[in-house]
Amino acid sequence: MKYDVISPEFQEFVRNIKNYFEADESETVFKQRNTIKALEFKDKKYAVKSFKVPHLLNRFIYKFFRDSKAKRSYTNSVRLEELGVNTPSPIGYVEFSTLFLFGESYYISEFFDYDFELRELVDNDRFENREAIIREFISFSYDLHNKGVYHVDYSSGNIIIKVVEGRYAFYLIDVNRMEFKELDTDLRMKNLAKLSPHADFNAIMVDEYAKISGLSKEILQKKLDYYLDKQQEYLQRKRRLKQLKKSLFS
């Protein structure tokens, strides 16, 4: 077992996370490829993400050559908090492995009670205060980019929103794939291109980003359109590959 914790007070919880996770009173919040549960510890609720055990080759790679998703979730969350970027506060991570192969892994954070996901604004053009929220979100994104944060999975489902005294606070989740580096204009627009395929949403994004940054609106739109096309090509290839696998193995 390998682990790290943000504070010694969580050591017992983190070291025994598998027992807590498998207990009958644990509450499943999300279950697909990975599973997220809400667990109680010392009268407080925490979110625990159990990552799917990778296939055989990756079990070897994660054992010796690459940080696990659980560890990266933890270290990236710590870095985000240091930069003043909102994310559910990290508690710790745990990895289990044999002598040669990586096995189960868990990431633990505070349980964050948010109000809605950015996805709801993307899918519903009648969402209350939609334009104002998008513009506030772009201010958040611009600050994120200026701090050198490139969230590889910057999708609308990975941004959660909490209403605080009439303002909107944006939080990043699913942060295991993240890079910290200087972002040029292309990388900034490539990042935003993963959020929405809808022209009205993207027009507001570009307009606000241009106002805040002082960059040309026409140049930003051109770059965003380029990466939107690339994103759609990628999604189409992914769907075709999925259909091919299904036909071959069904």
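Let's start with R72, which you'll find in helix 4 of this predicted model. R72 is buried, yet it has no salt bridge. How far away is the nearest side chain of opposite charge? That would be D67, at 6.0 Å. A salt bridge calls for a side-chain nitrogen of Lys or Arg within 4 Å of a carboxyl oxygen of Asp or Glu, so D67 doesn't qualify as a partner for R72 in that sense.

Still, R72 and D67 do meet in another way: the side chain of R72 reaches the backbone oxygen of D67 at 3.1 Å. What else does R72 touch? If you skip its neighbours within four places in sequence, R72 is in contact with Y62, R66, D67, V175, N176 and R177.

Now zoom out to the sheet. There are 6 strands in this open sheet, in the order 1-5-6-4-3-2, and the pairing is antiparallel. At the edges sit strand 1 (2-5) and strand 2 (27-31), each pairing on one side only. Going from one strand to the next, the twist averages 20 degrees.

And where does helix 4 come in? Helix 4, made of residues 69-83, packs on the sheet, where it touches strand 1, strand 4, strand 5 (90-97) and strand 6. Its direction makes about 160 degrees with that of strand 5.

Two of the strands that helix 4 touches, strand 4 and strand 6, are also worth tracing as a pair. Strand 4 covers residues 44-51 and strand 6 covers residues 102-110; they run antiparallel and 6 bridges join them. To pick out one spot along the way, look for S50, which stands opposite Y106 in strand 6.

Key. Residues numbered from 1 in each chain as written. Predicted model: local features only at pLDDT ≥ 70, side-chain atom pairs only at ≥ 80, totals over all residues. Heavy atoms only, no water. Pairing = 2+ DSSP bridges. Helix = DSSP H or I, 4+ residues; strand = E, 2+ residues; numbered from the N terminus. Axes fitted to C-alpha atoms, helices over the stretch in contact; angles between N-to-C directions. Contact = heavy atoms within 4.5 Å. Buried < 20%, exposed > 50% of the residue type's maximum accessible area, 1.4 Å probe, protein only. Lys, Arg positive; Asp, Glu negative; His and termini not counted. Polar contact = N/O pair within 3.5 Å; in protein donor to acceptor, adjacent residues only side chain to side chain.
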